[in-house]
Amino acid sequence: MERIETIFLSLINQHKGIIHKVSKMYMNDVEDQRDLFQEIVMQLWKAYPTFKGNSKFSTWMYRVALNTALIYFKKDNRKVDKTPLDENVDIVDVNESDAREEKLAYLYKAVQQLNPVEKALIFLFLENQSHREIAENLGISEINARVKLNRTKEKLQLIIKKNGYEF
């Protein structure tokens, strides 16, 4: 049992960036992100005995993390941040690194306005997954993934422009 636990923890440590990104994509508040992170790790541990190695661990991890986030999001929908995008955003006189972080924060804030499936689409797109990989991870056809992703990107652009911020 200790060997399995050690392997699992090593894999989690190796791919923990996926969990952080999913948590940040679905939750705006830092405390909620931590809670979702823990929930995803717990679900990964519960499901780990079913991982047969037919796909890469990271691919399996995406599926479990996104499914957990979708369920968690539904349970916790009342905590979704509904504040306007222009709050807490100051784009004057910042260095390049701060500007990049600020753009990312603004993007995550805009993504908060998408529905859970749209968030998953954008997340997988930002992870440079192909339409085929996105389709596999979400259990939809490749054509459906392509259409939904294009619509979601357009919607995200509108949200960003509507709030007066452009990249």
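Biologist: Hi! At what angle do α7 and α8 pack, and how far apart are their axes?

Modeller: Hello! In this predicted model, α7 and α8 pack at an angle of about 100°, and their axes are 8 Å apart. That makes α7 roughly perpendicular to α8.

Biologist: Which residues of α7 and α8 meet?

Modeller: From α7, you can look for His131, Arg132, Ile134 and Ala135. They meet Glu142, Ala145, Arg146 and Leu149 in α8. Sorted by class, this contact has four nonpolar, one polar and three charged residues.

Biologist: Let's zoom in on Glu142. Where is Glu142 placed?

Modeller: Glu142 belongs to helix α8, which covers residues 142-162. Its relative accessibility is 36%, so Glu142 counts as partly exposed.

Biologist: And what does Glu142 touch, leaving out residues up to four places away in sequence?

Modeller: Glu142 touches His131, Arg132 and Ala135.

Biologist: Take Arg132, then. How far apart are Glu142 and Arg132, in sequence and in space?

Modeller: They are 10 residues apart in sequence, and 5.2 Å apart in space from C-alpha to C-alpha.

Biologist: Nice. Now back along the chain a bit: how do α6 and α7 pack?

Modeller: The angle there is about 140°, with the axes 10 Å apart. α6 and α7 are therefore oblique to each other, and their crossing is right-handed.

Biologist: Who meets whom in that pair?

Modeller: On the α6 side there are Ala120, Leu121, Leu124 and Phe125, and on the α7 side Ile134, Asn137 and Leu138. These residues divide into six nonpolar, one polar and no charged.

Biologist: What about the loop between α6 and α7? Which residue there should I look at?

Modeller: Try Asn128, which sits in the loop between α6 (116-126) and α7 (131-138). Asn128 has a positive phi of about 60°, although it is not a glycine.

Biologist: Why point that out?

Modeller: Because most residues other than glycine have a negative phi.

Biologist: Is Asn128 buried or exposed?

Modeller: Exposed! Asn128 has 70% relative accessibility, so it counts as exposed, the cut-off being over 50%.

Biologist: Let's switch to α2 and α3. What are their angle and axis distance?

Modeller: Helix α2 (residues 16-26) and helix α3 (residues 30-47) pack at about 130°, and their axes are 9 Å apart. They are therefore oblique to each other. As for handedness, α2 passes α3 in a right-handed crossing.

Biologist: Which residues make the contact of α2 with α3?

Modeller: α2 brings Lys16, Ile19, His20, Val22, Ser23, Lys24 and Tyr26. α3 brings Gln33, Leu36, Phe37, Ile40, Val41 and Leu44. The class split is eight nonpolar, three polar and two charged residues.

Biologist: Time to zoom out. How many helices and strands does the chain have?

Modeller: Eight helices and zero strands. Along the sequence, the pattern reads α-α-α-α-α-α-α-α.

Biologist: And what share of the residues is buried?

Modeller: Buried residues make up 39% of the 167 in the chain.

Biologist: How much area does the chain expose?

Modeller: About 10500 Å², with carbon and sulfur atoms supplying 50% of it.

Biologist: One last thing: among contacts between residues at least 6 apart in sequence, what percentage join residues at least 24 apart?

Modeller: For this chain, that figure is 67%.

Methods: Residues numbered from 1 in each chain as written. Predicted model: local features only at pLDDT ≥ 70, side-chain atom pairs only at ≥ 80, totals over all residues. Heavy atoms only, no water. Axes fitted to C-alpha atoms, helices over the stretch in contact; angles between N-to-C directions. Helix = DSSP H or I, 4+ residues; strand = E, 2+ residues; numbered from the N terminus. Parallel < 35°, antiparallel > 145°, perpendicular 65-115°, else oblique. Left-handed = near helix turned anticlockwise from the far one by under 90°. Contact = heavy atoms within 4.5 Å. Nonpolar A, V, L, I, M, F, W, Y, C, P; charged D, E, K, R; others polar. Buried < 20%, exposed > 50% of the residue type's maximum accessible area, 1.4 Å probe, protein only. Areas by Shrake-Rupley, 256 points an atom, 1.4 Å probe, with all protein chains shown as cover.
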